[in-house]
Amino acid sequence: MSVDQTTVAKIASLARIKMSEDELARMAPELSQILDWVEQLGEVDTSQVEPMTAVIPNTLRLRDDVIDADPLTGGDRRDAVLANAPAAEHGFFGVPKVIE
Amino acid sequence: MTELTELGVKAIRDGVAAGDFTAREVAEAHNVAVAAAGELNAFIVTTPDHALAAAEKVDADRAAGKQLGAMAGVPIGMKDLFATQGVQTTAASHILEGFTPEYESTVSQNLWNAGAGMLGKLNLDQFAMGSSNETSYFGNVISPWRRKGADGFGGNADLAPGGSSGGSSAVVAARIAPAATGTDTGGSIRQPAAFTGICGIKPTYGRCSRWGVVAFASSLDQAGPMARSVEDCAIMLGAMAGFDPKDSTSLDLPVPEWEANLSADLRGKKVGIPKEYRMEGTDPEILESWERGKEWLRDAGAEVVDISLPHTKYALPAYYIIAPAEASSNLARYDGVRYGLRELPNGAGLQDMYAATRAEGFGDEVKRRILIGTYVLSAGFYDAYYNQAQRVRTLIARDFEKAWAQCDVILAPTTPTAAFALGDKMDDPLAMYLNDVFAVPASLAGLPAMSVPAMLNGEGLPLGLQLIGKAFDEQGVLNAGLAIQQRAGFDAKPEKWW
Amino acid sequence: MVTGAETMSTYRIQGATGEWEVVIGLEVHAQVTSNAKLFSGASTAFGAEPNTQVSLIDAAMPGMLPVPNRECIRQAVRTGMAIEAEINRWSRFDRKNYFYADLPQGYQISQLYHPLVGEGQLLIEADEKAGISQDKVIGIERIHVEQDAGKLMHDQHPTMSYVDLNRCGVALMEIVSRPDMRSPAEAGAYVRKLRTILRYVGSCDGNMEEGSMRADVNVSVRRPGEEFGTRTETKNVNSVRFVMQTIEHEARRQVDLIEDGGTVVQETRLFDPNTGTTRSMRSKEDAHDYRYFPDPDLLPLELDDAFLEECRASLPELPDAKRARYVGELGLSDYNAAVLTAEVETFARFETLLAETAKRLGKGEKDVATQVANWSLSVAPGVMNALGDEANPAHATAEAQAVILQMQAAGEISGGQAKEIFEIVLKTGREPAEIAETEGLKQQSDTGAIEAEIDKVLAANADKVEEYRGGKDKLFGFFVGQTMKAMQGKANPAVVNELLKAKLG
Ligand SMILES: [Mg+2]
Ligand SMILES: [Zn+2]
């Protein structure tokens with residue numbers, strides 16, 4: 001067993017997914033099975049191999065420093081940004097009060 | 001005149017251009033088919049008006065003597081992973097229910113620019129995670145295909161249309177749409193195409209812009225067409241593809257003239273047969289289809305050679321680390337703050353709201369993958385899991401590189417089995433994952449790969465053959481696919497029961 | 001000069017059980033000067049209406065993708081060059097994953113494994129008053145480029161916090177020092193020097209009030225010479241003074257804690273400017289597992305020779321070099337050189353005036369540098385400060401000031417007249433030459449007129465002339481004063497001196 005219920009609970013909390021004890025009990029063996037299976041990768045000798053960084057040889061293109069050149073990538077569109085918000089007031093998104 | 005819904009992309013486009021029928025007539029016929037196919041549950045939202053408006057524009061342009069686009073008059077289904085402006089976009093998840101984008105994905109925009117119209121948003125596995133279309137919040141898609149049980153036993157079991165592009169495969173196979181968009185992360189175009197007897201191609205990573213496509217695993221996701229012929233796929237891929245400055249992984253290359261350069265003459269070409277794909281337990285009928293495929297390609301003039309892709313066995317486990325890892329991060333944005341579902345239990349703080357929203361909004365398979373992804377990236381495990389998987393991925397890509405010294409295109413089965421019944425594998429995630437064993441290596445290497453229907457098995461269900469090509473060589477894949485299509489003579493279609 | 005590893009600071013905290021040394025490392029977040037954000041085309045301008053400078057990308061809408069802004073990369077590279085750091089031709093963006101309402105993507109795009117800029121260094125100068133006994137080199141571990149977060153407002157609504165994403169996605173350079181500082185003064189000097197360099201380079205405006213520069217202050221304490229202790233990180237401290245206060249408070253708190261038998265917990269803390277104290281930040285408590293991994297939306301960043309060439313060629317003369325040149329080539333005092341090079345505006349004004357003055361006088365810059373430096377650092381600011389609101393700084397053009405300096409050097413006006421003329425210039429914007437003429441603010445160099453006055457003075461003070469001739473040399477000044485007074489201060493003192501000497505024999 002790669003992961004027990006306590007570990008799954010910790011991961012779920014890190015992933016911000018609330019899970020009941022029942023769900024954890026159900027999920028733990030499933031995840032364990034999957035993780036046990038992927039662990040076969042450990043067999044492969046990769047000491048001479050770099051991790052893949054770009055699947056197709058290609059380098060990062062850079063953009064020009066221009067504001068709002070394209071509405072799809074620019075700002076100045078508050079209505080669109082807020083259009084689907086569960087809570088929006090006075091031009092802000094609203095969230096439950098945060099104590100820092 | 002044949003029924004308009006029997007026509008493919010090319011026939012519709014050419015018929016509209018020739019004035020044999022109007023685009024509006026085509027759209028109307030398909031809207032009727034869509035409305036009558038509720039039982040398949042293939043659409044999350046239907047958009048008959050979109051299809052009609054696009055058709056009217058094409059008809060008007062034609063009347064005005066304007067040049068028509070490559071998809072002019074063709075109504076298509078749009079996988080509900082593509083953001084469509086003003087039309088709900090959900091990724092088949094409760095967490096995005098009601099989300100109406102203020103933007104259009106590059107690929108869908110390209111299709112509209114080419115004269116296509118939208119019949120509706122197609123159901124899929126939630127966030128494209130699944131191989132059977134059983135993880136959608138909006139219910140399973142039911143394959144239009146049914147087994148022909150010789151004894152009538154089990155013949156009527158609902159079958160999986162494949163996944164994640166199961167809505168897409170279902171409507172194209174059922175003659176509800178001539179074509180549909182799909183996305184392929186680890187086989188999500190090819191496997192459903194194989195299950196439903198249609199064609200589907202995943203192009204080279206970077207050919208189609210990912211901008212506006214709900215992300216599953218960024219280094220793997222690619223959009224592609226699903227249609228009933230290789231020619232139709234070539235036409236539609238040409239309309240979808242192209243450089244997009246908004247996607248920094250987009251290939252800055254001209255889109256080749258795939259349709260114009262189609263040729264089933266494979267003289268001088270070498271077709272590689274990877275020995276590692278002959279796995280224990282593979283359905284004998286699948287192996288038979290593979291043998292037939294070799295013959296067909298030989299008949300088309302190709303030389304068939306044996307090759308080896310030694311790390312094939314490790315592709316699936318590497319995929320099930322990399323894809324969930326990327327997904328766990330890509331799906332962090334669904335938090336109930338800016339769009340989509342918000343669950344706010346009494347007295348909940350911000351972090352409680354996140355946990356409640358994501359608990360309520362994500363389905364089990366999505367949660368499973370987020371948890372795996374979170375785990376393999378977490379402190380102390382990153383190197384052993386994620387980095388090791390990316391190293392293995394390098395080896396898998398290298399296997400293909402070496403293979404290209406011996407061959408131009410690779411032929412393999414698309415799936416280890418024909419379509420299975422809904423519910424068959426739902427309680428065994430690992431068994432479900434194994435269904436993508438043949439599809440995943442090409443995804444990990446970013447290579448173009450296609451499934452074309454080869455034959456029906458003894459139960460009357462389609463089997464697909466997969467062609468994998470060199471990076472950027474969609475043409476080679478399409479040409480080999482065309483050679484198979486011409487010789488397989490596959491014209492089976494599901495009997496209408498819905 | 002010492003390098004970071006050698007710790008010459010004598011700053012100590014007196015605990016109940018003996019002396020403690022404080023060890024400080026700073027992570028400075030500096031906003032990169034650019035029009036648009038790091039990965040989107042939204043504006044970076046300060047002070048806009050909430051959420052108006054937010055793109056679909058910044059709001060992390062489904063399917064949105066980042067494309068990096070070349071200017072942000074360029075500015076970070078130039079900054080790296082300015083601290084003599086190695087520039088990594090191959091770097092990569094990583095995702096730092098955590099959930100917070102100011103972070104729409106659920107991750108910050110940053111660089112952990114392969115930063116853009118590697119090892120560099122920065123020199124802080126000796127400052128006896130501050131207890132920095134000699135120049136010291138502070139190591140810089142790296143500079144990486146990353147996205148800024150949005151802003152939360154907690155006091156606008158009884159049960160909700162409001163989220164403004166205008167800042168979200170603005171490019172930051174995170175400049176990470178080595179734990180080389182040993183006193184609040186050194187940390188203060190480091191931040192000031194870093195700010196100066198950034199402003200020279202033009203890669204950050206250094207405006208701390210607007211949040212363009214913030215420091216995460218890492219503090220630990222130890223017995224002098226022993227192993228490093230456990231550190232705390234106080235986030236987002238936004239002024240030099242607060243950085244120093246944070247260190248003082250945090251070091252004292254840690255010493256007291258340890259001496260009371262407690263242990264320092266590695267944690268994130270928050271500085272409260274109202275009380276000058278720090279407190280634990282509960283909201284970040286469980287955020288330690290950031291699950292960094294390479295951002296799969298972004299390919300590796302590879303820089304070519306042409307790009308690096310351009311970055312290097314566009315670098316200005318940097319503070320240390322400029323300061324050395326002011327002393328070595330222009331002959332200025334260490335002090336004047338230090339003050340003139342501390343701020344971009346100061347040296348820019350100085351150099352313009354220096355060039356203009358040298359040109360007018362037909363001399364080399366070196367020959368007029370001291371005069372121009374004195375004018376720039378004491379005379380001109382003195383006049384301006386005295387005038388207060390009456391002065392219009394726009395009138396203080398380099399040309400006007402150079403004309404004044406030229407007239408003074410030529411003996412046409414006295415130092416006092418120069419000030420008076422400048423005063424009128426500041427108030428009215430009139431031409432200095434015209435003012436001198438019209439207001440009679442000119443020195444008399446006409447020997448005839450001066451001689452006549454000298455004769456009168458000598459005649460009226462025959463007794464003193466006798467005394468002088470009898471050997472009372474000190475009286476020479478008296479005659480000069482009387483002559484100047486008779487001429488209402490307008491005589492050229494050099495001419496007066498010369499004539500007096502001749503007359504008195
Ligand atoms: Mg920090
Ligand atoms: Zn940072």
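User: How many salt bridges does the rule find across the interface of chain B and chain C?

Analyst: First, a word on what you're looking at. This is a predicted model, where local features need pLDDT of at least 70 and side-chain atom pairs count only at pLDDT 80 or more, while totals for chains, interfaces and linings use all residues. Residues are numbered from 1 along each chain as its sequence is written, chains are lettered from A and ligands numbered from 1 in the order in which they are written, and side-chain values use heavy atoms, leaving out hydrogens and water.

Now, a salt bridge is a side-chain nitrogen of Lys or Arg within 4 Å of a carboxyl oxygen of Asp or Glu. Across the interface of chain B and chain C the rule finds 1. C:D297 and B:R210 meet in a salt bridge, at 2.9 Å from N to O. Those two residues also belong to a network of salt bridges with B:D247, C:R95 and C:D295.

User: Okay, and how many residues of chain B are in contact with chain C?

Analyst: Contact means heavy atoms within 4.5 Å. By that rule, 36 residues of chain B touch 30 residues of chain C.

User: Which residues are the protein donors of the magnesium ion (ligand 1)?

Analyst: Donors are N, O and S atoms within 2.8 Å of the metal (3.2 Å for Na, K and Ca); water is not among the atoms, so sites may look incomplete. Here the protein donors are C:E27 (OE), C:D216 (OD) and C:E233 (OE), 2.0 to 2.5 Å from the ion. The zinc ion (ligand 2) is 4.9 Å from this magnesium ion.

User: Is C:D216 buried or exposed?

Analyst: Buried means under 20% relative accessible area, exposed over 50%, and partly exposed in between (1.4 Å probe, protein chains only). C:D216 is buried, at 2%, and C:E233 is buried too, at 14%.

User: Where does the salt bridge between C:D256 and C:R252 lie?

Analyst: Helices (H or I, at least four residues) and strands (E, at least two) are DSSP runs, numbered from the N terminus. Both residues sit in helix α3 (residues 240–259) of chain C, 4 residues apart, about one turn of the helix. Their closest N and O atoms are 3.3 Å apart. C:D256 is partly exposed at 32%, and C:R252 is partly exposed at 34%.

User: What does A:R26 form a salt bridge with?

Analyst: Its partner is B:D364, with the closest N and O atoms 3.0 Å apart. This pair crosses between chains, from helix α2 (residues 21–38) of chain A to helix α11 of chain B.
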